[in-house]
Amino acid sequence: MPSTMSGRELVKKFLQDSNVKTTDLARTYGMTKQEVSDYISGRKVNPAGNKFVLKVIHDFNIS
């Protein structure tokens with residue numbers, strides 16, 4: 001499975017810079033705060049997590 005760690009780092013930086021909380025993302029995407037946290041931190045690396053990270057990058061136009 002290809003790594004999306006650089007994408008995860010982009011999302012983390014975006015959250016810090018924009019003062020967006022993982023609970024906000026969880027609510028937006030209909031997920032639990034723990035799921036979002038696990039996906040962004042890389043504790044859970046699976047296709048669903050990778051898809052979530054890529055969706056956040058796309059939806060918020062993070063580069």
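Buried means under 20% relative accessible area. These close-up views come from a predicted model.

**View 1. Arg-8 is a buried residue of helix α1.** Arg-8 is found in helix α1, which covers residues 5–18. The relative accessible area of Arg-8 is 0%, so this residue counts as buried. Its contacts, neighbours within four places in sequence left aside, are Tyr-39, Ile-40, Gly-42, Lys-44, Val-45, Gly-49, Asn-50 and Val-53. One of these, Asn-50, lies 42 residues from Arg-8 along the chain. In space, the C-alpha atoms of Arg-8 and Asn-50 are separated by 8.7 Å.

**View 2. Glu-9 and Lys-12 form a salt bridge in helix α1.** The N to O distance between the two side chains is 3.2 Å. Glu-9 and Lys-12 are three residues apart in the helix, so about one helical turn separates them. Lys-12 has 28% relative accessibility and therefore counts as partly exposed. Glu-9 is partly exposed too, with a relative accessible area of 43%.

**View 3. Lys-13 and Asp-17 form another salt bridge in helix α1.** The closest N and O atoms of this pair are 2.7 Å apart. Both residues lie in α1, four residues apart, or about one turn of the helix. Lys-13, at 49% relative accessibility, is partly exposed. Asp-17 reaches 55% and counts as exposed, because the exposed class takes values over 50%.

**View 4. Asp-38 and Arg-43 pair a buried residue with an exposed one.** Their side chains meet in a salt bridge, 2.9 Å from N to O. Asp-38 has a relative accessible area of 10%, so it is buried. Arg-43 has 54% relative accessibility, so it is exposed. A search of the whole structure finds five salt bridges, among them Asp-38 with Arg-43, Lys-13 with Asp-17 and Lys-12 with Glu-9.

**View 5. Helices α2 and α3 cross at roughly 110°.** Helix α2 spans residues 22–29 and helix α3 spans residues 33–41. Their axes come within 8 Å. The crossing angle makes α2 roughly perpendicular to α3, because angles of 65 to 115 degrees fall in that class. The crossing is right-handed. On the α2 side, the contact is made by Thr-22, Thr-23, Leu-25 and Ala-26. On the α3 side, Lys-33, Val-36 and Ile-40 take part. Together, the residues of this contact divide into four nonpolar, two polar and one charged. Ile-40 of α3 also appears in View 1, as one of the contacts of Arg-8.

**View 6. Asp-24 is a partly exposed residue of helix α2.** The place of Asp-24 is in α2. Its relative accessible area is 29%, so it counts as partly exposed. Asp-24 and Ser-37 are 13 residues apart in sequence. From C-alpha to C-alpha, Asp-24 and Ser-37 are 11 Å apart in space.

How values were computed:
Residues are numbered from 1 along each chain as its sequence is written. This is a predicted model: local features need pLDDT of at least 70, side-chain atom pairs count only at pLDDT 80 or more; totals for chains, interfaces and linings use all residues. Side-chain values use heavy atoms; hydrogens and water are left out. Axes are lines fitted to C-alpha atoms, for helices over the stretch in contact, and angles run from 0 to 180 degrees between N-to-C directions. Helices (H or I, at least four residues) and strands (E, at least two) are DSSP runs, numbered from the N terminus. Angles under 35 degrees count as roughly parallel, over 145 as roughly antiparallel, 65 to 115 as roughly perpendicular and the rest as oblique. A crossing is left-handed if the near helix is turned anticlockwise from the far one by less than a right angle, and right-handed if clockwise. Contact means heavy atoms within 4.5 Å. Ala, Val, Leu, Ile, Met, Phe, Trp, Tyr, Cys and Pro count as nonpolar, Asp, Glu, Lys and Arg as charged, and the others, Gly among them, as polar. A salt bridge is a side-chain nitrogen of Lys or Arg within 4 Å of a carboxyl oxygen of Asp or Glu. Buried means under 20% relative accessible area, exposed over 50%, partly exposed in between (1.4 Å probe, protein chains only).
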